[in-house]
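Biologist: I am new to this one and would like to know how its descriptions are earned. Could you show me the structure, and then let me ask about the terms?

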Amino acid sequence: MTSRRTFLQTTALASATVTFSPTTLWSATRPVKDKLGVALVGLGYYSTDLLAPALQKTKNCYLAGIVTGTPEKAEKWKKQYNIPDKNIYTYQTFDQVANNPDIDVIYVVLPPSMHEEYVVRAAKAGKHVWVEKPMAVTAKECQNMIDACAKNKVSLAVGYRLQHEPNTQEWMKGLRDGKIGKIQMVNCSAAYYDARTNHWKQKKEMGGGVMYDMGVYVLQGARLATGEEPIAVTAQQYTARPDVYKNGLDETTMAQLIFPSGARAAVQTSYGMNMNFLDVVGSKGTLRVEPYSAYNGQKGVWGAGGKIEHPYEVPWQQTQQMDDDAAAIMNKKPLIAPGEEGLRDIRIVEAIYAAAKSGKEVKIS
């Protein structure tokens, strides 16, 4: 599967409408390592259950350090992963990582409202940065992060795991090769029922709301399927649990995207129901992917015949994502999902919120 994955990655990237800036490249003055040391900032579910286990399987990077505000977590991780004391930081001592040659990459896995601060601080410390989606709460924050990394000559990647996985890469290649003709319509949904009431996803001040979280997946689906950036959106939002999703926080969002070619996309995302699929209609056929954004189990079917199915076990996506990004840094190659890619999505998210609030179409320049 490795050789096929590499082929699909190369061809998908070659035909995708994604540009790379100098911020994505490794500085020529840095020494080359066989493996990059990664420090995880924030030890919640995603770090604990997915990233840390994935880092035990990576070939190009390894878990070198952690940043946490909870002493009990620090002690547990220290013992479980044999992390030396000098590689364990608190949020107060975080900036001292600049003096630690063991750590090459800072992976920011915090609530979205904290992304800008820690990405900028990591960049100033001279470390490469990986940041979880959503990249930030505003496009301005995203640009500040990109600028900070460029100024300090470090790379910035967004944790868009799907762009690294073979099912996504195969359907992207098929669409770019014209397998179903000109893309006319995309319908993409990513949603689950979230029973929590006090997570950051239910707190507006921490970057909560479904459009920032699951909504980024459906924007990726529409953008990667069409190979274009939307020029206008309309949107509707509602909340079935106003006691949980307060102060205008969205529990469910639906949006309609218009693309330069004339293609349209209908996207839906929610914390109040379960749905996960991608449908693409072209002038010569169709594509169905279901589930679309799960951690594994993706399956695609071309309407004219043919299947897409590359099975793997969790946390393969996270392992491959980090290995790809580490390899890009070490080999001075462009990243699959640089900071500019995250910025594109947040610009659309902002337009969707504006459209939902105004009830009118919002242009995206």
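Biologist: What makes Cys149 count as buried?

Modeller: A word first: this is a predicted model. Cys149 has a relative accessibility of 0%, and the limit for buried is under 20%, so Cys149 is called buried. Cys188 earns the word in the same manner, with a relative accessible area of 0%.

Biologist: How do you know that Cys149 has no disulfide bond to Cys142?

Modeller: A disulfide needs two cysteine sulfur atoms within 2.5 Å. The closest cysteine sulfur to that of Cys149 belongs to Cys142 and is 12 Å away, which is too far for a bond. The count of disulfides by this rule is zero.

Biologist: Let us turn to the rings. Why is the pair of Trp77 and Tyr81 called tilted?

Modeller: Their planes are 50 degrees apart. Under 30 degrees would count as stacked and over 60 as edge-to-face, so an angle in the remaining range is called tilted. Their centres lie 5.4 Å apart, and the limit for a pair is 6.5 Å. Trp77 and Tyr81 are four residues apart in helix α3 (residues 71-81), which means about one helical turn separates them. Trp77 is buried at 4% relative accessibility, and Tyr81 is buried at 16%.

Biologist: And what makes Tyr107 and Trp130 an edge-to-face pair?

Modeller: The angle between the planes is 85 degrees, with 5.8 Å from centre to centre. Edge-to-face calls for over 60 degrees, and that is how the pair gets its name. Tyr107 sits in strand β4 (residues 105-108) and Trp130 in strand β5 (residues 128-131), so the pair ties together parts that are 23 residues apart in sequence. Tyr107 and Trp130 are both buried. By the pairing rule there are nine aromatic pairs, and Tyr91, Phe94 and Tyr118 form one aromatic cluster.

Biologist: Which residue lies over the face of Trp302, and at what distance from the ring centre?

Modeller: That is Lys179, at 5.3 Å from the ring centre. The distance limit for a charge over a ring is 6 Å.

Biologist: Now the sheet. Why are β3 and β6 said to stand at the edges?

Modeller: Six strands form an open sheet, in the order β3-β2-β1-β4-β5-β6, with parallel pairing. β3 and β6 (156-158) each have a single partner strand, so one side of each is left without a neighbour in the sheet.

Biologist: How do you know that β1 and β2 pair?

Modeller: Pairing asks for at least two bridges, and strand β1 (residues 36-41) and β2 have six, in the parallel sense. Ala39 stands opposite Gly65 in β2. β2 also pairs with strand β3 (residues 88-89), in parallel, over two bridges; there Val67 stands opposite Tyr89. The chain goes from β2 through α3 to β3 in a right-handed β-α-β crossover. β1, helix α2 (residues 45-55) and β2 make a right-handed β-α-β unit as well. On the β4 side, four bridges join β1 to β4 in parallel, and Leu40 stands opposite Tyr107.

Biologist: What makes strand β10 (residues 264-270) largely enclosed?

Modeller: Six of its seven residues are buried, so β10 is largely enclosed by the rest of the structure. Strand β7 (residues 183-191) runs parallel to β10 over seven bridges, with Met185 opposite Arg264. Strand β9 (residues 252-258) is joined to β10 by seven bridges too, but antiparallel, and Ala255 stands opposite Val267. In the hairpin of β9 and β10, five residues lie between the strands, and Gly262 takes a positive phi near 100 degrees.

Biologist: Finally, how do you know that the span of helix α9 (residues 339-358) is close to the expected one?

Modeller: Its 20 residues reach 29 Å from the first C-alpha to the last, against 28 Å expected at 1.5 Å a residue. Of those 20 residues, 14 are buried, so α9 is largely enclosed by the rest of the structure. Just after α9 comes Gly359, with a positive phi of about 75 degrees.

Conventions. Residues are numbered from 1 along each chain as its sequence is written. This is a predicted model: local features need pLDDT of at least 70, side-chain atom pairs count only at pLDDT 80 or more; totals for chains, interfaces and linings use all residues. Side-chain values use heavy atoms; hydrogens and water are left out. Rings of Phe, Tyr and Trp (its six-membered ring) pair if their centres lie within 6.5 Å; planes under 30 degrees apart count as stacked, over 60 as edge-to-face and the rest as tilted. Buried means under 20% relative accessible area, exposed over 50%, partly exposed in between (1.4 Å probe, protein chains only). A charge sits over a ring if NZ of Lys or CZ of Arg is within 6 Å of the ring centre and within 35 degrees of the ring normal. The expected span of a helix is 1.5 Å times one less than its number of residues. A crossover is right-handed if, with the strands pointing away from the viewer, the path from the first strand over the helix to the second runs clockwise.
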